[in-house]
Amino acid sequence: MVHWVWDQPNTDLRCYVDGSLDLEDTNYTDTSGGDSLLIGINGAETAGLGCFVEMLKAHKGVRSAAWIATEFANQNNPAAFASAELAT
């Protein structure tokens, strides 16, 4: 599971793989020249991910490293993440 976090208007771009920080750029510059959000391909349409995007979530707020680790734990093994039982 991959999470990309772009802290805009700051210049921080982070990539988390399986809940752990894998890449960080604290001086990221958006060169798209507009308000477009491109997923899987660059603005010139000359390079892409070369994979299938199964699910995409966009959030207005920046997600913390702890939130991303929790999200991965929940998605990776829901049964171990939380459980419930009836009160007797």
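Select D18 to start: with a relative accessibility of 40%, this residue counts as partly exposed, and its place is in the loop between β2 and β3. Its phi is near 50 degrees, which is a positive value in a residue other than glycine. Most residues other than glycine have a negative phi. The model in your viewer is a predicted one, and that should be kept in mind at every stop that follows.

**The whole chain**

Zoom out and colour the chain by secondary structure, and you will find two helices and three strands, arranged along the sequence in the pattern β-β-β-α-α. If you then switch the colouring to pLDDT, the mean for the protein chain is 74, with 69% of its residues reaching 70 or more. Confidence is lowest in strand β1, residues 2-7, at a mean of 75, while it is highest in helix α1, residues 65-76, at 86. With a surface display switched on, the protein chain exposes about 7200 Å², and carbon and sulfur atoms supply 51% of that area. Of the 88 residues in the chain, buried ones make up 12%. Among contacts between residues at least 6 apart in sequence, 28% join residues at least 24 apart.

**R14 in strand β2**

Next, select R14, which is found in strand β2, the run of residues 12-17. Is R14 buried or exposed? R14 counts as buried because its relative accessibility is 13%, and the cut-off for that class is under 20%. Show the side chains here, and you can trace a polar contact of 3.5 Å between the side chain of R14 and the side chain of Y16. If you expand the selection around R14 and set aside residues up to four places away in sequence, the residues it touches are H3, W4, V5, L21, L23, E24 and V62.

**From R14 to L23 and the surface patch**

Among those contacts of R14 is L23, which makes a convenient next selection and lies in strand β3, residues 20-25. L23 is partly exposed, its relative accessible area being 41%. Add V2, W4 and V17 to the selection, and together with L23 they form a nonpolar patch on the surface, with about 380 Å² of accessible area in total. L23 can belong to such a patch because its relative accessible area is 41%, and patches are made of residues with over 30%.

**T11 in the loop between β1 and β2**

Move now to T11, which is found in the loop between β1 and β2 and is partly exposed, with a relative accessible area of 32%. Which residues is T11 in contact with, once its neighbours within four places in sequence are left aside? They are D25, T26, N27 and Y28. To check one of these pairs with a distance label, pick the C-alpha atoms of T11 and T26, which are 5.7 Å apart in space although the two residues are 15 apart in sequence.

**H59 in the loop between β3 and α1**

For the last stop, select H59, which lies in the loop between β3 and α1 and counts as partly exposed at 37% relative accessibility. A second C-alpha to C-alpha label, drawn from H59 to V5, should read 9.5 Å, for a pair of residues that are 54 apart in sequence. V5 has already appeared on this tour, as one of the residues that R14 touches.

Technical notes: Residues numbered from 1 in each chain as written. Predicted model: local features only at pLDDT ≥ 70, side-chain atom pairs only at ≥ 80, totals over all residues. Heavy atoms only, no water. Patch = residues over 30% accessible without salt bridge, like charges linked within 9 Å, V, L, I, M, F, W, Y side chains within 5 Å. Areas by Shrake-Rupley, 256 points an atom, 1.4 Å probe, with all protein chains shown as cover. Salt bridge = Lys/Arg side-chain N within 4 Å of Asp/Glu carboxyl O. Helix = DSSP H or I, 4+ residues; strand = E, 2+ residues; numbered from the N terminus. Buried < 20%, exposed > 50% of the residue type's maximum accessible area, 1.4 Å probe, protein only. pLDDT = per-residue confidence, 0-100. Polar contact = N/O pair within 3.5 Å; in protein donor to acceptor, adjacent residues only side chain to side chain. Contact = heavy atoms within 4.5 Å.
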